[in-house]
Amino acid sequence: MAGSVTDWVAGKIDPRENLCVVGRTLEDFLLVQYKDNPPFAVAVIGVQDVILESHVSPLFSHATKPDFVVNVPSKALWTGGAISLIHAAPAAFGTFGDIGRAASGGKVHGFRNKNWEFFRKAILQHTNVMAVDRLYDEVFEVHRRKGRNLKVALVEGYHVSAEDVRNARERFGGFDIAVKKTGYGSVTQAARDAAASMGAEAVAFKELMQRLAK
Amino acid sequence: MICERIIDGITDLAEGLGLISNGSEWYLFGSVSRCDPDASDIDLIILCRSDAQADALRQAINLDCLALPLDLGLMTFDEAAQVDAIRTQGAWLIYPRTSTSPSYPAF
């Protein structure tokens, strides 16, 4: 299975986009080169639903450590434990589409999703927040000074729709607040209604900050 | 160009879904629509006749079936009209193809 997903990602890397697979390590990591930069190692795993620490720790037990970890399918959730382990290596993770973005940024192992970091820091800096635990890549548990903990899910979409909210529940298994990831656009009334029908809220960033105080 | 292959891939996908995509409209926006060489995903929004069609399309579409991962948004025509979604996102209709549409956007 691991070989097949690695082959699949190798086949997706397009030399016309300045990326090229130049070899493989003994561990079956892809050696990928961006323009004339030194090659970096990409490990590919094939976890279908939830990526645990136990799925990624074997990748870092060899002499050669990956700089970047990709999972196929890309919709799988990365748990907080898996993310911490990868970042501590140090390495980065993402979809196969992120390989090029990470490579073009310079330090591949330092690649981070800017949206996630923005939300984690913004929530943590709220005066009513004591701590933020990362449950999944796009789901945080927020520990507040006053009020109960809140499960906050980041939702894709320039305009967040009712389907986005239903899909978030399907993926994350429930949440208190679904917050729109992008700073532009809006949350539709149907999305707010869909969230309310689940006993949750669908909000934009500014509304999230207000909600954390209540 | 990779963007042209991606657009062909999306329209093939839509047509291959048959009745599930019937009556829906598929719009491309974001980095791929601008032919950005550093695009990391494909921003696609599909307008649907109903919630049921949106849910069915979510189930039917493999987000990894194209050259880059699909960043898929689904909303009803009513929701899209309410927030003027297509215009504000600068989105471009790629399915269904119309006789007056160009084959590809003017990049």
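In this predicted model, strand β10 (residues 150-155) of chain A and strand β12 (residues 177-180) of chain A are paired in the parallel sense through 4 bridges, where helices (H or I, at least four residues) and strands (E, at least two) are DSSP runs numbered from the N terminus and two strands pair if DSSP finds at least two bridges between them. Within this pairing, A:V152 has A:I177 of β12(A) as its bridge partner. Residues are numbered from 1 along each chain as its sequence is written, and chains are lettered from A in the order in which they are written. Local features need pLDDT of at least 70, side-chain atom pairs count only at pLDDT 80 or more, and totals for chains, interfaces and linings use all residues, while side-chain values use heavy atoms, with hydrogens and water left out.

The open sheet of 5 strands in chain A follows the order β8-β9-β10-β12-β14, with mixed pairing. Its edges are formed by β8 (129-136) and β14 (201-203) of chain A, each of which has a single partner strand, so that one side of each is left without a neighbour in the sheet. On average, neighbouring strands of this sheet are turned by 25 degrees against each other, direction ignored. Helix α6 (residues 162-172) of chain A packs on the sheet and touches β8, β9 (139-144), β10 and β14 of chain A (contact means heavy atoms within 4.5 Å), its direction making about 120 degrees with that of β10(A); axes are lines fitted to C-alpha atoms, for helices over the stretch in contact, and angles run from 0 to 180 degrees between N-to-C directions.

Helix α6(A) also meets helix α2 (residues 51-60) of chain B, the two axes coming within 10 Å and crossing at roughly 50 degrees. The two helices, α6(A) and α2(B), are therefore oblique to each other, given that angles under 35 degrees count as roughly parallel, over 145 as roughly antiparallel, 65 to 115 as roughly perpendicular and the rest as oblique. The contact involves A:E163, A:D164, A:R166 and A:N167 of α6(A) together with B:D51, B:A54, B:D55 and B:R58 of α2(B).

In chain A, helix α5 (residues 114-124) and helix α8 (residues 205-213) pack at an angle of about 30 degrees, with their axes 11 Å apart, and α5(A) and α8(A) are therefore roughly parallel to each other. Here A:F118, A:F119, A:A122 and A:I123 in α5(A) meet A:F205, A:L208, A:M209 and A:L212 in α8(A).

Chain B contains 4 helices and 4 strands, which run α-β-β-α-β-α-α-β from the N terminus on.
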